[in-house]
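Here are a few notes to read with the picture open. Take the points one at a time and look for each on the model.

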Amino acid sequence: MQAEIRSDDKKPETRKKFDVIIIGAGPAGYTAAIYTSRAKRETLIISGILPGGQLMLTTEVENFPGFANGIMGPELMTTMRQQAERMGTTIIDDEVVNVDFRHKPFKILTYSEEYEADSVIIATGATPRKIGAKGEQEFSARGVSYCATCDGPFFKNQEIVVAGGGDSAMEEAIFLTKFANKVHVIHRKDKLRASKVMQDRAFENQKIQFHWNTVIEEIKGNQKVNQITVKNTATNKMDTLEVGGIFVAIGHEPNTKLFQGQIDFDANGYIVLKNHTQTNVEGVFAAGDVHDHRYRQAITAAAFGCMAAIDVDKYLSEHK
Ligand code: NAP
């Protein structure tokens, strides 16, 4: 690791060089760091504004293997962070504001420093879109969820809501009928965006009730959600639904804006990979929800982190 002082005091003062810099500190980033550090690669994680990622906003995680009685999301992420640090990873809680992948070593600028790296793993994740209703943030992880696979089993024998009209909403609504007595699908239009096959499956399901041209105005509760207020935009009629939870499934935004113009994205902004975990820039890899819009699980993100780390180690062996 080298350090050099820059004379221009308006620019970052210190420049540090690492074998690998991991941008993002969710399950993908931490797992990648555990592997690269253990392989004796000088590793820096720049954690971003929410170290720990989406799991910091959840409560109990029941489906991450190794925890027979479940584990709280923040505790799981703190443990992963400690494990990465124990392996020798340097972690900086700062936000990346610019990257330069055009020349090697790659340059990564945060609010306070400029770093250089021989390789990079992008693990910045994706952010679920919010509906913007009153109470949505207040009841997040207290009845408002953005992941049916993660939280569905907590809603056994309850009545719940799914917001959205795409494939994710249909998939989540169908999945949630395994647990819930009834699932209300609230959609802002009078027809679904979901594929025909998903629509047919949802329409056939007796436990799903559709509310067309309907928007969620407010989410209410005490300790947890117990009621939502909806408005029919065709009639302006307000209504209330007594429900135990709401699953927001209106899409995700991959956190890729920073890499625009340098890294190849698909039509929805997710990073496109080739040769397993490599991006279009040789030496820059990606792992987790930033490229994976299909599985979006902590365990799959962690697995992608492991894969990217192994690919980085091989890349560094061949190029250093
Ligand atoms: P999506 O296709 O973008 O659909 C988002 C849905 O949420 C749309 O119905 C949209 O309404 C609604 N929406 C967006 N913003 C909203 C807001 N602020 N308030 C209320 N509603 C809002 O997203 P997705 O369903 O997550 O799917 C993403 C991609 O993954 C798609 O290509 C999809 O086909 C794919 N996918 C496939 C499967 C599968 O095949 N099994 C499963 C999941 C996802 P409008 O219709 O009015 O725009």
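How many Å separate the centres of domain 1 and domain 2, taken over C-alpha atoms? The answer is 33 Å. Keep in mind that this is a predicted model.

1. Start with the domains. Domain 1 comes in two stretches, 8-128 and 252-318, while domain 2 runs over 144-248. Where they touch, domain 1 brings six residues and domain 2 brings seven.

2. Now for the area between them. The size of an interface is often given as the accessible area lost when the parts come together. For domain 1 and domain 2 that comes to about 550 Å², with carbon and sulfur atoms giving 51%. On the domain 1 side, Glu-62, Pro-128 and Gln-297 lose the most area, together 50% of what that side buries.

3. What kinds of residue does domain 1 use there? Its side has one nonpolar, two polar and three charged residues. Even so, the count of salt bridges between the two domains is zero, and zero residue pairs are found in polar contact across the interface, with both residues at pLDDT 80 or more.

4. Next, the ligand. The residues around it include Arg-129, Ser-168, His-187, Lys-189 and Ile-250. By class, this shell has one nonpolar, five polar and six charged residues.

5. Zoom in on three side chains. N or O atoms of Asp-167 and Arg-188 sit 2.6 Å and 2.8 Å from ligand oxygen atoms, respectively. For Glu-171, the partner is a ligand nitrogen atom, at 2.9 Å. Alone, the ligand would expose 910 Å², and the protein buries 71% of that.

Note on methods: Residues numbered from 1 in each chain as written. Predicted model: local features only at pLDDT ≥ 70, side-chain atom pairs only at ≥ 80, totals over all residues. Heavy atoms only, no water. Domains from an automatic or database assignment. Contact = heavy atoms within 4.5 Å. Buried area = accessible area lost by both parts, 1.4 Å probe. Salt bridge = Lys/Arg side-chain N within 4 Å of Asp/Glu carboxyl O. Polar contact = N/O pair within 3.5 Å; in protein donor to acceptor, adjacent residues only side chain to side chain. Nonpolar A, V, L, I, M, F, W, Y, C, P; charged D, E, K, R; others polar. Near = heavy atom within 4 Å. Areas by Shrake-Rupley, 256 points an atom, 1.4 Å probe, with all protein chains shown as cover.
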